[in-house]
Amino acid sequence: MSGRQYPWVWADVPWSDAQELTRGTHDGLPLMSWNTADRNLLATKGQLRRMGLRPGGQDPVAVLYFFSRKGMRKMFANLYLIALAKPVRPMTPGKWGALAKANLARRLCPECGHDRFYVIHPTLGKCFTCVEAESARTATDAAPIAA
Ligand SMILES: [Zn+2]
């Protein structure tokens with residue numbers, strides 16, 4: 001398996017004032033091979049993750065190519081500036097989803113099943129509309145029927 005060879009190219013890179021040796025470009029970004037990417041400055045998403053970081057909205061500054069032993073083929077991974085990375089949110093999207101669901105459950109009236117957009121008061125156990133409807137019904141029931 002010969003594979004395409006990437007020529008060494010000196011190029012301006014966003015993470016250094018000096019030119020760095022790259023392997024050309026990929027999708028308009030400097031292409032780095034496994035041993036040329038500066039591990040103190042650049043990291044893939046997975047590497048950031050292991051550092052407790054995330055790209056934090058920044059665009060990738062380079063592309064890393066490496067040979068996957070598992071897939072027996074060349075792989076590409078975006079590289080991000082570690083300096084611009086942000087700590088991983090303590091709340092994961094999954095946790096936010098669970099919280100939203102819990103809040104929705106507290107807003108749902110068990111009586112009529114409507115989302116009332118306020119938390120159903122535990123002592124009432126139902127929304128104000130249901131409470132009012134019930135008290136109106138009770139009042140009618142209690143009222144003596146005039147014959
Ligand atoms: Zn209700």
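**Note on the predicted model**

1. V9 is partly exposed, its relative accessible area being 32%. The model discussed here is a predicted one. V9 belongs to strand β1, which covers residues 9-13.

2. Which residues does V9 touch, leaving aside those up to four places away in sequence? The contacts are with E20, L21, T22 and G24. T25 can be placed relative to V9 as well: 16 residues separate the two in sequence, and their C-alpha atoms are 9.0 Å apart.

3. Strand β2 takes in residues 16-22, and S16 is part of this strand. The side chain of S16 has a polar contact with the side chain of E20, at 3.3 Å. The S16 side chain also reaches a backbone atom, the oxygen of A18, at 3.1 Å. E20 thus appears twice in this note, as a polar partner of S16 and as a residue touched by V9.

4. Next, the sheet. Five strands form an open sheet in the order β3-β4-β7-β8-β5, and the pairing is mixed. Its edge strands are β3 (25-26) and β5 (42-43), each of which pairs on one side only. In general, strands of a sheet pair through backbone hydrogen bonds, in either a parallel or an antiparallel sense.

5. One pairing within the sheet can be followed down to residues. In what sense do strands β4 and β7 pair? Strand β4 (residues 29-33) runs parallel to strand β7 (residues 62-68), and 3 bridges join the two. L31 has V63 of β7 as its bridge partner.

6. How many salt bridges are there? The count is 2. Side chains of opposite charge can pair when their charged atoms come close.

7. One salt bridge joins the side chains of R107 and D115, with an N to O distance of 2.7 Å. R107 is partly exposed, at 23% relative accessibility. D115 is also partly exposed, and its relative accessible area is 24%.

8. The other salt bridge is between E134 and K126, whose closest N and O atoms are 3.0 Å apart. Is K126 buried or exposed? K126 counts as buried because its relative accessibility is 13%, and the cut-off for buried is under 20%. E134 is partly exposed, with a relative accessible area of 32%. This salt bridge therefore links a buried lysine, K126, to a partly exposed partner, E134.

Notes. Residues are numbered from 1 along each chain as its sequence is written. This is a predicted model: local features need pLDDT of at least 70, side-chain atom pairs count only at pLDDT 80 or more; totals for chains, interfaces and linings use all residues. Side-chain values use heavy atoms; hydrogens and water are left out. A salt bridge is a side-chain nitrogen of Lys or Arg within 4 Å of a carboxyl oxygen of Asp or Glu. Buried means under 20% relative accessible area, exposed over 50%, partly exposed in between (1.4 Å probe, protein chains only). Helices (H or I, at least four residues) and strands (E, at least two) are DSSP runs, numbered from the N terminus. A polar contact is a pair of N or O atoms within 3.5 Å; within protein, one must be able to donate a hydrogen and the other to accept it, and residues adjacent in sequence count only if both atoms are side-chain atoms. Contact means heavy atoms within 4.5 Å. Two strands pair if DSSP finds at least two bridges between them.
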